[in-house]
Amino acid sequence: MMDGMERKVAVVTGASRGIGAAVAARLARDGYAVLVNYAGNAALAEEVVTAIRWNGGLAEAVQADVADPAAVTALFDRAEQGFGGIDVVVNSAGILMQAPVTDSSDDLFDRQVSTNLKGAFTVLREAGRRVRTGGRIISLSTSVVGLKLETYGVYAATKAAVETLTAILSKELRGRGITVNAVAPGPTATDLFLTGKSPELIDRLARLSPLERLGTPEDIAAAVAFLAGPDGGWINGQVLRANGGMV
Ligand code: NDP
């Protein structure tokens, strides 16, 4: 455990799958001890942890619904107790439910606002209170905030709110040497993007980028690692769109 006390520590929400899992693996490779948060998929979170440990890293899986303030407090408590403090927080937990605004149900609205907006708020609030001097706070937004694609209305609205929270928190943390940014991916090959889409639709969306492919979770993890690492230190209060040039 001494080793854990010497390392910088990262909390990654939604790290059992997709972008969060790639971020957890990347930050572990970059030398961070990583708290691998998940909502329900304990087995997948444990696989992420096992892979990190196999490569000589430190990691622990912690269940917490990001929309539950008590659970988020417990997650951060665990990071402080287990690893001695928190230097980087990456808020990747999120859900996507698509429908035209006129067909969007109250349930679609409530669930996305709960996970994507209340979840981001709850994590940002706790991160702003606890991240150590010199730390980094990074949230996942979406390039759809810029592209404004049909059927993404409520989802994009929750992420636009996350971008606003990000910019304002960056100013409120003045004097502590902490940066607060967002990474806004384009279509990225994860469950969230692929589920429910035909191969033709996936191909069409992949070609929105002039690089003519989907992003990979590792592409996005690289952008997050840049903001988390020393080279990203002068970027603050910004949204970094990582989408191959789509928008
Ligand atoms: P995935 O669906 O692949 O993974 C979602 C992750 O979030 C899982 O680890 C899941 O945990 C976790 N999660 C979901 N709800 C909660 C919750 N209430 N509390 C804690 N964890 C939760 O999504 P992606 O990796 O694709 O997305 C990651 C982020 O990137 C999201 O914020 C998304 O909006 C954003 N994004 C994704 C894009 C894409 O094309 N993939 C494009 C733009 C933005 P569990 O496994 O336990 O369910």
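Biologist: What is 2.8 Å from an N or O atom in the side chain of arginine 17?

Modeller: In this predicted model, that partner is an oxygen atom of the ligand.

Biologist: And which backbone atoms does the ligand approach, at 2.7 Å and at 2.9 Å?

Modeller: A ligand oxygen atom lies 2.7 Å from a polar backbone atom of isoleucine 19. For alanine 39, the distance from a polar backbone atom to an oxygen atom of the ligand is 2.9 Å.

Biologist: How much of the ligand does the protein bury?

Modeller: The protein buries 94% of the 910 Å² that the ligand exposes when taken alone.

Biologist: Which pocket does the ligand take?

Modeller: The ligand takes the space of the largest pocket.

Biologist: Which residues come nearest to the ligand?

Modeller: Ser16, Gly40, Tyr155, Lys159 and Thr190 come nearest, out of 31 residues around the ligand.

Biologist: How does that shell divide by class?

Modeller: The shell has 14 polar, 13 nonpolar and 4 charged residues.

Biologist: Which helices and strands supply at least two residues of the shell each?

Modeller: They are helix H2 (18-29), strand S2 (33-38), helix H7 (153-172) and helix H8 (191-194). Of the elements, H8 gives the most to the shell, with 3 residues.

Biologist: Changing topic, what pLDDT does the protein chain average?

Modeller: The protein chain averages 97, and 98% of the residues score at least 70.

Biologist: Which elements have the lowest and the highest mean pLDDT?

Modeller: Helix H1 (residues 2-6) has the lowest mean, 56, and strand S6 (residues 179-185) has the highest, 99. Where pLDDT is low, the predicted coordinates should not be read in detail.

How values were computed. Residues are numbered from 1 along each chain as its sequence is written. This is a predicted model: local features need pLDDT of at least 70, side-chain atom pairs count only at pLDDT 80 or more; totals for chains, interfaces and linings use all residues. Side-chain values use heavy atoms; hydrogens and water are left out. A residue is near a molecule or strand if one of its heavy atoms lies within 4 Å of it. A polar contact is a pair of N or O atoms within 3.5 Å; within protein, one must be able to donate a hydrogen and the other to accept it, and residues adjacent in sequence count only if both atoms are side-chain atoms. Accessible areas come from the Shrake-Rupley method with a 1.4 Å probe; for residues, only the protein chains shown count as cover. On a 1 Å grid over the protein atoms alone, a cavity is a set of points where a 1.4 Å probe fits but cannot get out, and a pocket is an open set with protein on both sides within 12 Å along at least five of seven lines; lining residues have an atom within 4 Å of a point. A molecule sits in a cavity or pocket if more than half of its atoms lie within 2 Å of its grid points. Helices (H or I, at least four residues) and strands (E, at least two) are DSSP runs, numbered from the N terminus. Ala, Val, Leu, Ile, Met, Phe, Trp, Tyr, Cys and Pro count as nonpolar, Asp, Glu, Lys and Arg as charged, and the others, Gly among them, as polar. pLDDT is the predictor's confidence in each residue, from 0 to 100.
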